[in-house]
Amino acid sequence: MTKIIISPGKYIQGSGELKRIKEHVEHLGSSFFIIISKSGYKRFGDTIKESFGTSENIHFIEFNGECSKGEIDRLGKELKEKGADVVIGVGGGKIHDSAKAVAYYAKLPVVIVPTISSTDAPCSALSVLYTEDGEFDEYLLLPKNPDIVLVDSDAVSKAPARLLVAGMGDALATKFEARASVRSGSKTMAGELATNAAVALADLCYETLLREGLKAKLAVENKVCTKAVENIIEANTLLSGIGFESGGLGAAHAIHNGLTVIEETHNLYHGEKVAFGVLVQLVLENAPIEEIEEVLYFCNEVGLPTTLEDLGIKEISEEKIMEAAKLSCVEGETTHNMPFEVTPQDVYAAILAADALGKNFDF
Ligand SMILES: [Zn+2]
């Protein structure tokens, strides 16, 4: 029986850390290739330049908006031309995934700098590739996690509150998916069984959300960074990041993937759909009502969806829901990490029952 836990080489989080980026990364190399969006450059370009001063060799490269094979090739060529020896991705998920992929192909160290906290992807050894049109292409499984993840909590707390809340939705799944995956003895994204350490981080992630979620949301709505915000950023990024990758996935993310066939849900963030997936998973497990109510209370408190209507689905089409249910049960999906057999009929029933529980809940 083999257990594995994987994590970034170093995780740094704090207020104003972007001002100290040079100190944090200079041991990795001497020339830095910084992938950033136009708006990201406007917000953070000067801070990064000031930190490096004139002595260091830094190259800003504008990201074209999609993490596709074409974009990764283009960035790889630019990287070679500049002759840089460290890749840094500053921004959101697609920039991180591109930076990880570019560094992997060039065999160079990579630093991830999240400026939002909307998913648990920054710490992982995974890039999600899309086609040029923005449709899912494939997962690129990387041999190692980022060398450094550097989070400036001031930057994150100035981003829209909805993004932080979506990150809480993604993090909400971590404990429940790890629990199911451990019960069934499934292998995690790290390639073997979960360590107790990863499971403990997944549990701490959930406890942190319940304790700090509302406080953090209200603070960020007012563009301030408090201790609660710091705790939620850590839960969304580090605890959920290691928790999902090394603790195991279950039905919640598979249901998220299924829901993507329903067009009305396309305006929602990943974590918002995952939160509803958690409720569906709890129904599949026939979890105690106290546990379901705890999750419903949390979702209502911070503003995560608990009904199909909240997901944007105004008219419930039996056919569409069944299509989503089938997609969440295709071969290789993580619904099969549940400790019992799950059929599309089970998921269909659980989606409608979760919707009913959401509607019935008196917040
Ligand atoms: Zn996720």
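**View 1. Helices α12 and α13 cross in this predicted model.** The axes of helix α12 (residues 318-327) and helix α13 (residues 344-360) come within 8 Å, and they cross at roughly 125°. An angle like that falls in the oblique class, so α12 and α13 are oblique to each other. As for handedness, α12 passes α13 in a right-handed crossing. On the α12 side, the contact is made by E318, I321, M322, A325 and K326, and on the α13 side by P344, Q345, V347, Y348 and I351. Sorted by class, the residues of this contact come out as seven nonpolar, one polar and two charged.

**View 2. A closer look at Y348, a residue of helix α13.** Which residues does Y348 touch, once its neighbours within four places in sequence are left aside? Y348 is in contact with E318, I321, M322 and A325. Those four also appear among the α12 residues that make the contact with α13. For a sense of scale, try G70: the C-alpha atoms of Y348 and G70 are separated by 38 Å, and the two residues are 278 residues apart along the chain.

**View 3. Helices α3 and α4 pack against each other.** Here helix α3 (residues 69-82) meets helix α4 (residues 93-106), with their axes 9 Å apart and an angle of about 55° between them. That angle makes α3 oblique to α4. The crossing of α3 and α4 is right-handed. Look for I72, L75, G76 and L79 on α3, which make the contact together with S98, A101, V102, Y105 and A106 on α4. What classes of residue make up this contact? There are seven nonpolar and two polar residues, and no charged ones.

**View 4. Helices α6 and α8 run alongside one another, roughly parallel.** Helix α6 (residues 161-184) and helix α8 (residues 227-247) pack at an angle of about 30°, with their axes 9 Å apart. Angles under 35 degrees count as roughly parallel, and that is why α6 is described as roughly parallel to α8. This crossing is left-handed. From α6, the residues that take part are L164, G167, M168, D170, A171, T174, A178, S181 and V182. They meet I232, I233, A235, N236, L239, S240, G243, F244 and G247 in α8. By class, the contact of α6 with α8 has ten nonpolar, seven polar and one charged.

**View 5. A zinc ion held by D170, H253 and H270.** Which atoms coordinate the zinc ion? They are OD of D170, NE2 of H253 and NE2 of H270, at 2.1 Å. Along the chain, these donors follow the spacing D-x82-H-x16-H. The two histidines come from distant parts of the chain: H253 sits in helix α9 (residues 251-259) and H270 in helix α10 (residues 270-284), 17 residues apart. D170 may look familiar, since D170 is also one of the α6 residues that meet α8. Are the two histidines buried or exposed? H253 counts as buried because its relative accessibility is 12%, while H270, at 25%, counts as partly exposed.

**View 6. Two loop residues, K107 and N286, each with a positive phi.** K107 is found in the loop between α4 and β5 (110-114). Its phi is near 55°, a positive value in a residue other than glycine. With a relative accessible area of 77%, K107 is exposed. N286 lies in another stretch, the loop between α10 and α11. Phi of N286 is near 50°, again a positive value in a residue other than glycine. Is N286 buried or exposed? N286 counts as exposed, because its relative accessibility is 67%.

**View 7. G312, in the loop between α11 and α12.** To find G312, look in the loop that runs between α11 (289-302) and α12. Its relative accessible area is 22%, so G312 is partly exposed. Where does E263 lie relative to G312? In sequence, G312 and E263 are 49 residues apart, and in space they are 9.1 Å apart, C-alpha to C-alpha.

Terms used:
Residues numbered from 1 in each chain as written. Predicted model: local features only at pLDDT ≥ 70, side-chain atom pairs only at ≥ 80, totals over all residues. Heavy atoms only, no water. Donors = N, O, S within 2.8 Å, 3.2 Å for Na, K, Ca; no water. Buried < 20%, exposed > 50% of the residue type's maximum accessible area, 1.4 Å probe, protein only. Axes fitted to C-alpha atoms, helices over the stretch in contact; angles between N-to-C directions. Parallel < 35°, antiparallel > 145°, perpendicular 65-115°, else oblique. Left-handed = near helix turned anticlockwise from the far one by under 90°. Contact = heavy atoms within 4.5 Å. Nonpolar A, V, L, I, M, F, W, Y, C, P; charged D, E, K, R; others polar.
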